[in-house]
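Colleague: I am new to this structure. Please give me a close look at the largest pocket and the helices around it.

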Amino acid sequence: MSAWTAAAGLGAHATSGHQPPPLTPLRLLSEWVFEPVPAILIAVTAGLYVYGVHRLRARGDQWSRWRTFCFVGLGLGAAVLATQSALAAYDTVLISVHMVQHMLLNMVVPIFLALGAPITLALRTLPRTGRRRLLGVLHSRIARVLTFPLVAGAIFIANPFILYFSGLYEATLRHPVLHDLNHLHFVVIGCLWFWPLIGLDPMPYRAPYPLRMLGVFVTLPFHAFVGVAIMSATSVLAADWYLALNRDWGPGLLNDQQAAGGILWATGDLVGLIVFTVLFFQWASASEREAQREDRRLDRLARAAAADQRPPGAPAAGV
């Protein structure tokens, strides 16, 4: 790990006057950092999930490998990429790099964590006291409020506006604790929106599929609005911070900011399309299961009606 990499996460470059090295394609692949707070959180989360799967299988129960791959491989893997790779080394240097990190943490990570069904796993493996406490949290008033679609959608929409068009974004660049909390808050806000939307876990409120698809259609374009606003801005976000870097390579500050806005716009639309597709297939699968349950119910009613019409002592059909 280079001296610059070590300084990048702490903001030392802004005050020391050190020039960060150019971000080349090779450095984008090879420059990895160790950010202890997210690394510990990711490792503990992965360990708890894998331990839960192990306990479940040890007693003879099944757990989908696809769910495990979604949660650990894709969800937590994307979190590692966002917080330990070159994205983390340069997230305070180029706002375009930060925006890639933002979208990974705010959209990609929560979606795959949701598909891993961690709450269901916990409910199946925790002891009785733990299950009771977890159910108490799920049924609490604050959980019902935060996961209500209108509330979760409003928070999801307002979040980037508040972050980028206030002094909060520059504060997260200057203070390491706020920087780590910003990464965590991206994931939490994404989970509040995407888990009730596409997740497999029990939730305090789960809208019917038509409303979920409408929610995706209504909320995700707001990322495009934020992206366009950032692209069209004539002043640099967190200008004092970026000017203090004295970076003499790569795009100019406004060009980099325009690229960041484009990333927010394009990836928001792409993820929206993916989520829309996932919901469509989930809806189709749920409709098929409901049709099968209805067929079985009608079959039972038909057999019961046939039995009622048999004369006393007559053998059942097929005997």
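Modeller: Helices here are DSSP runs of H or I with at least four residues, strands are runs of E with at least two, and both are numbered from the N terminus. The model is predicted: local features need pLDDT of at least 70, side-chain atom pairs count only at pLDDT 80 or more, and totals for chains, interfaces and linings use all residues. Numbering starts from 1 along each chain as its sequence is written, and side-chain values use heavy atoms, without hydrogens or water.

Start with the pocket. The largest pocket has a volume of about 1,300 Å³. (A pocket is an open set of points on a 1 Å grid over the protein atoms alone, where a 1.4 Å probe fits, with protein on both sides within 12 Å along at least five of seven lines; lining residues have an atom within 4 Å of a point. Points join across faces, edges and corners, and the volume is the space filled by probe spheres set on them.)

The lining has 43 residues. Closest to the centre are Thr-45, Phe-71, Leu-113, Pro-118 and Trp-195. Seek out the helices next. At least two lining residues each come from α4 (36-58), α5 (65-84), α7 (95-115), α8 (118-125), α9 (128-138), α10 (141-146) and α13 (176-198). Helix α4 gives the most, with 11 residues. By class, 34 lining residues are nonpolar, 7 are polar and 2 are charged. (Ala, Val, Leu, Ile, Met, Phe, Trp, Tyr, Cys and Pro count as nonpolar, Asp, Glu, Lys and Arg as charged, and the others, Gly among them, as polar.)

Now take two of those helices, α4 and α5. Their axes come within 10 Å and cross at roughly 170°. (Axes are lines fitted to C-alpha atoms, for helices over the stretch in contact; angles run from 0 to 180 degrees between N-to-C directions.) So α4 is roughly antiparallel to α5. (Angles over 145 degrees count as roughly antiparallel, under 35 as roughly parallel, 65 to 115 as roughly perpendicular and the rest as oblique.) On the α4 side, the contact includes Pro-38, Ile-42, Thr-45, Tyr-49 and Arg-57. On the α5 side, it includes Arg-65, Phe-71, Leu-76 and Gln-84. (Contact means heavy atoms within 4.5 Å.) This contact holds 12 nonpolar, 4 polar and 3 charged residues. Look again at Thr-45 and Phe-71. Both belong to the α4 and α5 contact, and both are among the residues closest to the pocket centre.

Next, follow α13, another helix of the lining. Helix α13 and helix α11 have axes that come within 8 Å and cross at roughly 150°. Therefore α11 is roughly antiparallel to α13. Their crossing is left-handed. (That is, the near helix is turned anticlockwise from the far one by less than a right angle; clockwise is right-handed.) From α11, the contact includes Pro-149, Phe-156 and Tyr-164. From α13, it includes His-185, Ile-189 and Trp-193. The classes are 11 nonpolar, 5 polar and no charged.

Helices α11 and α13 also lead to the second largest pocket, where α11, α13 and α14 (209-219) each give two or more lining residues. Its volume is about 340 Å³. It is lined by 20 residues, with Pro-149, Leu-150, Trp-193, Leu-211 and Gly-215 nearest its centre. Pro-149 and Trp-193 thus appear twice: they also take part in the contact of α11 with α13. Helix α14 gives the most to this lining, with 6 residues. The lining has 14 nonpolar, 4 polar and 2 charged residues.
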